[in-house]
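Me: I should like a close look at a single part of this protein, namely the surroundings of one strand residue and the strands, helices and aromatic rings that can be followed from there. Please give a connected account.

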Amino acid sequence: MSTSWLLSTPYSKLNHHFYRRLHRKHSLIYSRDLLFSGMGEQMVTTNSASSSRGAFTTLKERVIFEKEIKKSKFIAIAGHIPDEGSAQSFLLEVRDPRATHNCWAYKVGEQYRTNDDGEPSGTAGKPIHSAIASSGLDRIMVVVIRHFGGIKLGTGGLVRAYGGVAAECLRNAPTCIIKSKVPMGLEVPFELLGALYHQLQSFQAEDIKQDYDTGKDGVTMVTFKVDFDHAQGLEEAIKANCSRDIVFYKH
């Protein structure tokens, strides 16, 4: 939600307070979590499940890079994924069932997975992941589609092709910074404070503050910060358990 949205609403002390408190330079990207049930493909992953803290740089929008190498067409498609579960949805959207191979890799914090999709082991998914790691970007997925042109590239040629195309795709792609801790806030009637605080505790919200000077009788303003991954779930839980009429402010 942009600061321009806050300023376009009817002026109130609440809106002015949030504009000053939540104004930031970079935009946030929100997406609903998707469960990753597996795609029936061989995958490699680390054992760590830790996420980025503070802020991280990711892709602002989906990007495509295409290159022909010895008559094979390589098409790299890269995009932001907020979590591992979203990787399945991304792959299903961009993969080409007519292509010879749909190889991929993604990185979410310290967690990553790769897939060679029929190419010799380690010649596609791993170099794609290396390109992601070298870019400094996080929470992104790159799928490299290959239409075979009749000339074999060899192991070294495949590594250079998949890694190079992925790197070129990411090199000049538009990026943005996402803060892992998302500042949020809302107006809530006094009688709903108990239910609200229960949800805030369940989602491990931090820096919780109240301000009764809202200019409205029986209403207080509650501000807090929550992990980026939990922001959508917390909003849905509060609306389900407190009131669907509650309006959230976030940046």
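Reply: Strands here are runs of at least two residues that DSSP assigns as E, and they are numbered from the N terminus. The model is predicted. With that convention, I69 belongs to strand β3, which covers residues 63-69.

The surroundings of I69 bring in other parts of the chain. Its C-alpha atom is separated by 7.4 Å from that of A161, although the two residues stand 92 positions apart along the chain. When neighbours within four places in sequence are set aside, the contacts of I69 are F74, L153, A161 and V165, where contact means heavy atoms within 4.5 Å.

One of these contacts, F74, leads to the aromatic rings. A search of the whole structure yields 4 aromatic pairs. In one of them, the ring centres of F74 and Y162 lie 5.2 Å apart with the planes at 90 degrees; planes over 60 degrees apart count as edge-to-face, so this pair is assigned to that class. The pair joins distant parts of the chain, since F74 is in strand β4 and Y162 is in helix α5 (residues 154-171), 88 residues away. F74 has a relative accessible area of 0% and is buried; for Y162 the value is 0% as well, and this residue is likewise buried. The threshold applied is under 20% relative accessible area.

Another pair has a different geometry: the rings of W104 and Y106 have their centres 6.0 Å apart and their planes at 5 degrees, so they are stacked, the limit for that class being under 30 degrees. W104 is buried at 0% relative accessibility, and Y106 is buried with a relative accessible area of 0%.

The account now turns to strand β5, residues 101-108, which pairs with β6 in the antiparallel sense over 5 bridges. Within this pairing, A105 has T114 of β6 as its bridge partner. The two strands form a hairpin with 2 residues between them, and G109 in the turn has a positive phi of about 65 degrees. In β6 (residues 111-115), 4 of the 5 residues are buried, so this strand is largely enclosed by the rest of the structure.

Helix α3 completes the picture. This helix spans residues 86-94, and its buried residues are S86, A87, Q88, F90, L91 and V94. The cover over them includes β4 (72-80), β5 and β7 (140-147). Strand β4, which holds F74, and strand β5, the antiparallel partner of β6, are thus both among the elements that cover buried residues of α3.

Notes:
Residues numbered from 1 in each chain as written. Predicted model: local features only at pLDDT ≥ 70, side-chain atom pairs only at ≥ 80, totals over all residues. Heavy atoms only, no water. Buried < 20%, exposed > 50% of the residue type's maximum accessible area, 1.4 Å probe, protein only. Pairing = 2+ DSSP bridges. Phe/Tyr/Trp six-rings, centres within 6.5 Å; stacked < 30°, edge-to-face > 60°.
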